[in-house]
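Here is a short report on cross-links and charge pairs in one protein model. It takes the disulfide chemistry before the salt bridges.

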Amino acid sequence: MKPALPEPPAPNELGTTTTAARETADTRPVQKQTIVRYVFWLLWFLVLPAVIAVAIVAWCEHSAALGEFASTVRDQSIPAGIVLFTLAEMTLYYFRHYLPFVDPLGASVPHGLSREARRDVEGAIQLLDEAERLLQRHDKAIAREVSPVERERLVRALERVKAQLGAEPFSDKALRDAAQEAHGLVDRYLAPWRKSETREYVEAILFAVVVALGLRAVVVEAFKIPSGSMLPTLQIDDHIFVNKFIYGPTVPFAGLRIAPHLPPDRGDVIVFEFPDPDPSHEGQDFIKRVIALPGDTLEANQGHPIINGWAVPSCRVGLYPYGKNDGHAAQYGELYVEFLGDMAYLTVYEQGAISGSEGPFHVGPNEVYVMGDNRHNSHDSRRWRNGEGAGVPFGNIRGRAMRVWWPSSRLGTPVMGDPVLPDGMPSELLRGIEQCLANRPADTTPPAPGSK
């Protein structure tokens with residue numbers, strides 16, 4: 001029968017072999033974790049790696065110094081951020097004994113020990129944990145391959161390591177000798193089931209890559225806003241997170257959607273693959289607002305939508321300054337709050353622009369019609385297929401916009417919800433929006449197709 005391995009040390013204390021040692025647990029080298037130790041781990045191995053990853057991603061957004069690397073990070077910011085976080089965390093952990101404040105705060109062992117002693121104590125703890133995992137996970141194979149005498153010898157060596165960890169007084173040399181013997185026996189008897197340190201690092205990186213790509217493919221993805229077609233809701237160069245799960249997760253490379261929740265609601269801001277056969281936009285991702293659903297008839301009068309003969313209600317706010325920040329005078333547009341279903345959002349209409357009447361467009365099954373919030377400067381359903389109009393097929397929809405995550409001045413700004421203007425807007429516009437919302441129309445739901 002395979003000898004039982006001694007009880008491994010718990011995360012916050014190691015076992016001991018004497019009552020006296022248990023009674024003096026607060027003075028022995030391995031003590032119960034304190035709040036400051038948790039703070040140490042939180043700051044060095046969670047907060048700092050996150051800051052490093054975000055800083056690199058942000059730097060790559062505005063620099064081409066690293067060429068292809070910077071370009072890849074810009075295009076795949078979420079997967080790149082996860083991998084960078086993992087690499088930063090692993091690097092900090094590797095050099096954990098050299099980090100500032102490691103002695104007074106104690107990363108995993110109490111303060112007061114030399115750097116060498118801390119490494120020895122931590123290495124002994126990890127050796128015991130590893131041996132326990134191997135003996136439990138591969139017990140049948142080890143029982144076949146390792147003789148009872150060899151297993152007994154290994155267990156006794158591990159017991160000596162555990163005893164030295166709880167010994168009073170603590171002797172680093174005695175612990176190092178016991179650990180060296182146990183390490184040699186683990187290498188000799190358990191080598192077929194051990195992982196090298198290099199392999200563990202490689203597996204951690206590969207796992208981070210797989211998780212990052214999986215999240216990007218199924219759950220959430222980052223997109224950059226390249227144009228002003230969604231002003232004022234989204235500004236040029238805004239970076240947003242998109243929920244790819246909300247309409248049903250897609251199977252990567254298969255074009256299938258699991259448990260689809262479609263169509264989107266009217267007013268949803270969606271990211272989709274461009275459906276128009278125009279080769280200049282083939283494969284590009286667009287972002288627009290859903291206005292009409294399957295079966296609806298959509299028209300527009302001077303950019304204002306009409307659904308099934310019902311004019312979508314809106315409230316004028318005032319003159320909205322917009323345009324590129326290039327030193328030239330700002331352009332001005334007419335700012336409105338538009339109400340559609342449960343949604344209230346901002347739209348802007350270029351002063352002096354004449355678009356006349358557009359449509360009617362009949363929305364087919366399994367598609368939605370979309371419009372940009374910048375109604376006179378948006379390449380959307382009204383203008384696709386040479387002005388004949390076209391919808392976004394359900395299969396082209398990637399997800400629904402969530403929040404802005406960059407630039408820092410707009411961090412956390414919701415894409416949907418209560419209308420939000422960028423910083424620096426005239427106070428009269430803010431008051432106008434509040435007034436429009438306070439006087440929300442009673443009827444904001446369009447009639448069913450064919451009822452008018």
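What follows covers the cysteines and then the charged side chains of this predicted model.

**Cysteines**

A disulfide is a covalent bond between the sulfur atoms of two cysteines. The structure holds 1 disulfide. Its partners are C315 and C436, with sulfur atoms 2.0 Å apart. C315 sits in strand β10, residues 314–322, and C436 in helix α11, residues 427–438, so the bond ties together parts that are 121 residues apart in sequence. The torsion about the S-S bond of C315 and C436 is about -70°, so this disulfide is left-handed.

The two ends sit in unlike surroundings. C315 has 25% relative accessibility and counts as partly exposed. C436 has 2% and counts as buried, because buried means under 20%. Another cysteine, C60, is also buried, with a relative accessible area of 0%.

**Salt bridges**

Side chains of opposite charge can pair when their charged atoms come close. The count here comes to 21 salt bridges. The table lists three of them.

| Acidic residue | Basic residue | Closest N and O atoms |
|---|---|---|
| D177 | K173 | 3.0 Å |
| D238 | R410 | 2.8 Å |
| D380 | R382 | 2.9 Å |

Start with D177 and K173. Both belong to helix α9, residues 172–190. They are 4 residues apart there, which means a separation of about one helical turn. D177 is partly exposed at 38% relative accessibility. K173 is exposed at 54%.

Now take D238 and R410. Which parts of the chain does this salt bridge join? D238 forms a salt bridge with R410, and D238 lies in the loop between β1 (220–224) and β2 (239–243), while R410 lies in the loop between β16 (397–406) and α11, so the pair ties together parts that are 172 residues apart in sequence. Are these two residues buried or exposed? D238 is buried, with 1% relative accessibility. R410 is buried too, with a relative accessible area of 6%.

The last pair is D380 and R382. D380 counts as buried, at 0% relative accessibility. R382 also counts as buried, at 3%. Which residues share a network of salt bridges with this pair? E358 and R383 do: together with D380 and R382 they are linked in a network of salt bridges.

**In brief**

The C315 and C436 disulfide connects strand β10 to helix α11. The D238 and R410 salt bridge connects two loops. The D177 and K173 salt bridge stays in helix α9.

Notes: Residues are numbered from 1 along each chain as its sequence is written. This is a predicted model: local features need pLDDT of at least 70, side-chain atom pairs count only at pLDDT 80 or more; totals for chains, interfaces and linings use all residues. Side-chain values use heavy atoms; hydrogens and water are left out. A disulfide is a pair of cysteine sulfur atoms within 2.5 Å. Buried means under 20% relative accessible area, exposed over 50%, partly exposed in between (1.4 Å probe, protein chains only). A salt bridge is a side-chain nitrogen of Lys or Arg within 4 Å of a carboxyl oxygen of Asp or Glu.
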